[in-house]
Amino acid sequence: MFRRTYLALTAAAVMAGPSFAGGHSKDIVDTAVEAGSFSTLVAAVQAAGLVDTLKGEGPFTVFAPTDEAFAALPEGTVETLLMPENKDQLTAILTYHVVPGKVMSSDLSNNMMATTAQGTDVTIMTEGGVTVNGANVVTADIEASNGVIHVIDAVILPE
């Protein structure tokens with residue numbers, strides 16, 4: 001459930017981009033779909049069954065990898081994760097990109113720990129640019145009706 005939410009949120013964040021930042025009348029999933037650069041994330045959220053969760057009340061903070069971030073994974077990884085028999089693993093990865101609550105960039109501090117919907121923590125660094133477990137935040141604070149999306153340049157994986 002959390003994985004779906006994460007994918008949907010990530011997709012919504014990337015797709016929305018700065019153009020939806022002010023209006024935020026759409027939820028995380030719809031924002032990602034409209035952005036156009038989160039098709040892999042949206043597909044993953046759908047495969048994990050997290051769409052309804054990410055369209056839910058929230059609020060959610062989604063660290064959304066772009067299509068390019070997914071493409072940088074080893075060949076065949078995305079296809080394997082999207083297989084029905086790997087739904088649990090996909091869900092764990094997606095929910096690792098979601099933090100319950102609305103965390104704006106102004107709320108961040110260096111070496112901050114945030115507990116993900118997956119249940120483990122990510123480390124946020126703010127010196128020399130914002131990173132989440134080493135992934136760079138390339139666009140921050142894309143607001144949606146049920147949370148916020150921060151676009152990242154890599155897929156982060158739980159241990």
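The points below go through the fold of this predicted model, beginning with the whole chain and ending with single strands.

1. The protein chain contains 7 helices and 7 strands, and if you follow it along the sequence you meet these elements in the pattern α-α-α-α-β-α-α-α-β-β-β-β-β-β.

2. Of the 159 residues in the protein chain, 48% count as buried, while the accessible surface comes to about 7000 Å², with 52% of that area belonging to carbon and sulfur atoms. Among the contacts with a separation of 6 or more, 66% are made by residues 24 or more positions apart.

3. The 7 strands form an open sheet with mixed pairing, and their order in it is β2-β1-β7-β6-β5-β4-β3. The edges are taken by β2 (98-100) and β3 (112-115), each of which pairs on one side only.

4. Strand β1 (residues 60-65) deserves a careful look, because 6 of its 6 residues are buried and the strand is therefore largely enclosed by the rest of the structure. Both of its faces are covered, with Phe60, Val62 and Ala64 buried on one side and Thr61, Phe63 and Pro65 buried on the other.

5. The pairings of β1 illustrate the mixed character of the sheet: β1 runs antiparallel to β2, to which 3 bridges join it, whereas with β7 (residues 147-152) it pairs in the parallel sense over 6 bridges. Val62 stands opposite Val98 in β2, and Phe60 has Gly147 as its bridge partner in β7.

6. Elsewhere in the sheet, strand β5 (residues 131-132) pairs with strand β6 (residues 135-144) in the antiparallel sense over 2 bridges, and here Val132 stands opposite Ala135 in β6.

Notes: Residues are numbered from 1 along each chain as its sequence is written. This is a predicted model: local features need pLDDT of at least 70, side-chain atom pairs count only at pLDDT 80 or more; totals for chains, interfaces and linings use all residues. Side-chain values use heavy atoms; hydrogens and water are left out. Two strands pair if DSSP finds at least two bridges between them. Helices (H or I, at least four residues) and strands (E, at least two) are DSSP runs, numbered from the N terminus. Buried means under 20% relative accessible area, exposed over 50%, partly exposed in between (1.4 Å probe, protein chains only). Contact means heavy atoms within 4.5 Å. Accessible areas come from the Shrake-Rupley method with a 1.4 Å probe; for residues, only the protein chains shown count as cover.
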